[in-house]
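Okay, thanks everyone, let me put the next one up on the screen. I'll walk through a handful of spots and then we can chat.

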Amino acid sequence: MRLRSFQMRLLVWGWAMLLLALAVAFFYSSTLVGSELVRETERKSRQQLDTVKWLLRGHASFADEQALDSWAKTLASKLGSRITYIVNGRVVADSEVPYDRVSAMEDHGKRPEVLAAVADGVGMHLRYSTTLEKDMIYVACAMDAFAGLPSGVLRLAVPFSQVQDRLNSLRINFLWLFLGILAAAAGLSAYLSHNMGRSIRAFSEVARQIGEGDYSMRLRSFPGGEFQPLASSVNAMARKIEKHIQTIEDQKGRLRAMFEGMDEGVMALDHEGRVMSYNAAMDEMISMPGTAVGRTPIEVTRRYEIQNLVDRLLSEDIDFVKTEIELMDGRIVDVSGLPYNDHHGARKLILVFHDITVIKRAEKGLRDFVANASHQLRTPLTSIKGYSETLLDNPPKDFEGARSFLEIIVKNADHMNKVISSMLALAKSEQMGKALKIVPVSGREVLHRALDDLTLLAGERNIRFELALPEKAELEVMGEPDGLLHVFHNLMQNAVKYSPEGGVITVSAEVGDGSVSFCVEDQGPGISKEHSLKVFERFFRVDENTIDGHGSAGLGLAICRRIVKNFGGEIWHDGYGEDTRGARFCFRLKAPRAS
């Protein structure tokens, strides 16, 4: 029988396992019995200690310590134990040491059993005795003053060799029993493994490897023809499984990449309409809870429209359902549901969530823009057309008669030009926000440039500017000089436009924590609370059916809001109340970080 054969290996391994089992049983039994013997010896030692203690308490007074030593030696010889009496660590009497050498013995106050006896009344310890040169079990107890002797610790030592002898005898018996069982088992295992071949192990090993995912395993050899069909079947099975698994892994990788790389949210539902999986875009869109898997769509999205869509797809024989929902943050999502059947024929669903907020807002913005632009341009065009037709149909006899008509035409043409210019400026500001380079800008310097530009316009109506700025502060902000100048121009022009003749416009600034705020305050008619936010919308007017005498296009504040937003700031109207005249517009920009 060769050592490499399956039979031999099975035999050796069987013997090894049996040997290991018997060794564990032997070790456990001997250890258990040994522990029991030790406990029994300890119990008997305590009984002997109690007996000696009882005898000492009933004994008459000892003449001296030597008398006690003699009594201990006599009693110890009868008990077969060692008796020691210790006072404050000093050995007073010892049955195994001559009395003339007792005083030379080392301090016993630090011995474990003595310390335990002093602390708890009773102590026990197993160790090697250097005096007797063998293992001993020590038991000790605290003693009050007795028979004319001071209080101390009574200690009894029992040789451990008695226990060792019994253990050795037990181990020898167990060893013979162990060898007999091993010999019988070895013969039986050799007989049972005689008819097993090496190929059986090879077959089981290949099957195990395939089951664990190593589909490249093949059966390379087999001893007889009866194993050839089995080997061929196993190899063919392994090849087919390997091919299918590779295809599945490739498809799974592609699907996973598409699934996670999509901007659209995707949610897969089982035949009961419960969530099986979802991608990162879905989580980002709706903030899916960590326990979403296994729950219904209405539980994880809190939208009944989605649940209705799922219920309809599962209950009706339809191939596609689509709906639109508006999320709580204002986003609009297009939800498409598509059913499919799995390999068991169960009807499952795929929900695709497409964020169409930008498209919807763009459509609404385009509609509003066209409507507002048409409204803004229709009135001046109508006026220009009407006065032009009047001049053509009834031409005045002199130029002075036509001047007023022509001035109205020019005024409306200027208004149209301002509307178009403002529209272009707004479009430019929206595009510049994506590639704008923001740098530290002196707010004080730009403000003074705006004052120089508008002083003449304000002087025509006897309007003056008052500054309320922090002293010796450059008021640096993060922005772009031309854009900041445009914001100051627009707010201060509006203040001049709506201030009464001889009024005062106050321009103030305040340095905050990491930001600087600017405010422009006039003494005009003011803006009501209902219009305080709408004034920043495109083409908004308090009276949208009129064109003011300055040719305003209604886009100035919208442009200011876009510029301030591009700078990373905010702008708002700070009104005083319904009954208070005057408007106050403020904007806040970030201050440069200290280097």
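Let's go straight to L175, which sits in helix α5, residues 161-192. This is a predicted model, by the way, so keep that in mind throughout. L175 has a relative accessibility of 45%, so it counts as partly exposed. And it has company: together with I172, W176 and L179 it makes a nonpolar patch on the surface, and the four add up to about 440 Å² of accessible area.

While we're on surfaces, the accessible surface of the chain is about 35,400 Å², and carbon and sulfur atoms hold 55% of that. Zooming out a bit more, the chain has 595 residues, with 37% of them buried. On the secondary structure side you're looking at 15 helices and 17 strands. And if you take contacts with a separation of 6 or more, 58% of them are between residues 24 or more positions apart.

Okay, next stop, D69. You'll find D69 in helix α2, residues 65-79. So is D69 buried or exposed? Its relative accessibility is 2%, so D69 counts as buried. Leaving out residues up to four places away in sequence, D69 touches A93, D94, V97, Y99 and V102.

D94 on that list is worth a stop of its own. It makes a salt bridge with R82, and the closest N and O atoms are 2.8 Å apart. D94 is in strand β2, residues 90-94, while R82 is in strand β1, residues 82-87, so the pair ties together parts that are 12 residues apart in sequence. Both partners, D94 and R82, are buried.

How many salt bridges does the structure hold? The count is 13. Another of them pairs D342 with K348, with 3.3 Å between the closest N and O atoms. D342 and K348 are both buried too.

Now some strands. Look at β4, residues 134-143: 7 of its 10 residues are buried, so the rest of the structure largely encloses it. On one pairing, strand β3, residues 122-129, is joined to β4 by 8 bridges, running antiparallel. If you want a landmark there, V122 is opposite C141 in β4. β4 also pairs with strand β5, residues 152-159, again antiparallel and over 8 bridges. The landmark for that pairing is A142, which stands opposite V153 in β5.

Moving along the chain to α9, residues 297-301, which is where V300 lives. V300 has 0% relative accessibility, so it counts as buried. What does V300 touch, if we skip residues up to four places away in sequence? The answer is M267, V275, I286, M288, P289, A292 and R295. Take V275 from that list: V300 and V275 are 25 residues apart in sequence, and their C-alphas are 8.9 Å apart in space.

Then there's α10, residues 304-315. It has 12 residues and reaches 16 Å from first C-alpha to last, close to the 16 Å you'd expect at 1.5 Å a residue. Its buried residues are E305, I306, Q307, L309, V310 and L313. Those pack against β6, α9, β8, β9 and β10. E305 also has a salt bridge with R303, with the closest N and O atoms 3.0 Å apart. Each of those two falls under the 20% cut-off for buried: R303 is at 18% relative accessibility, and E305 is at 18% as well.

For another helix, try α14, residues 481-498. It has 18 residues and spans 26 Å from first C-alpha to last, close to the expected 26 Å. α14 is mostly covered, with 13 of its 18 residues buried.

Last thing, a couple of backbone angles. Most residues other than glycine have a negative phi. S287, though, has a phi near 60°, a positive value. S287 is in the loop between α8 and α9, and with a relative accessible area of 52% it is exposed. N462 also has a positive phi, near 60°. Where is N462? In the loop between α13 and β12, and N462 is exposed, at 56% relative accessible area.

That's my tour. Happy to go back to any of these spots.

Note on methods: Residues numbered from 1 in each chain as written. Predicted model: local features only at pLDDT ≥ 70, side-chain atom pairs only at ≥ 80, totals over all residues. Heavy atoms only, no water. Helix = DSSP H or I, 4+ residues; strand = E, 2+ residues; numbered from the N terminus. Buried < 20%, exposed > 50% of the residue type's maximum accessible area, 1.4 Å probe, protein only. Contact = heavy atoms within 4.5 Å. Areas by Shrake-Rupley, 256 points an atom, 1.4 Å probe, with all protein chains shown as cover. Expected span 1.5 Å × (residues − 1). Patch = residues over 30% accessible without salt bridge, like charges linked within 9 Å, V, L, I, M, F, W, Y side chains within 5 Å. Salt bridge = Lys/Arg side-chain N within 4 Å of Asp/Glu carboxyl O. Pairing = 2+ DSSP bridges.
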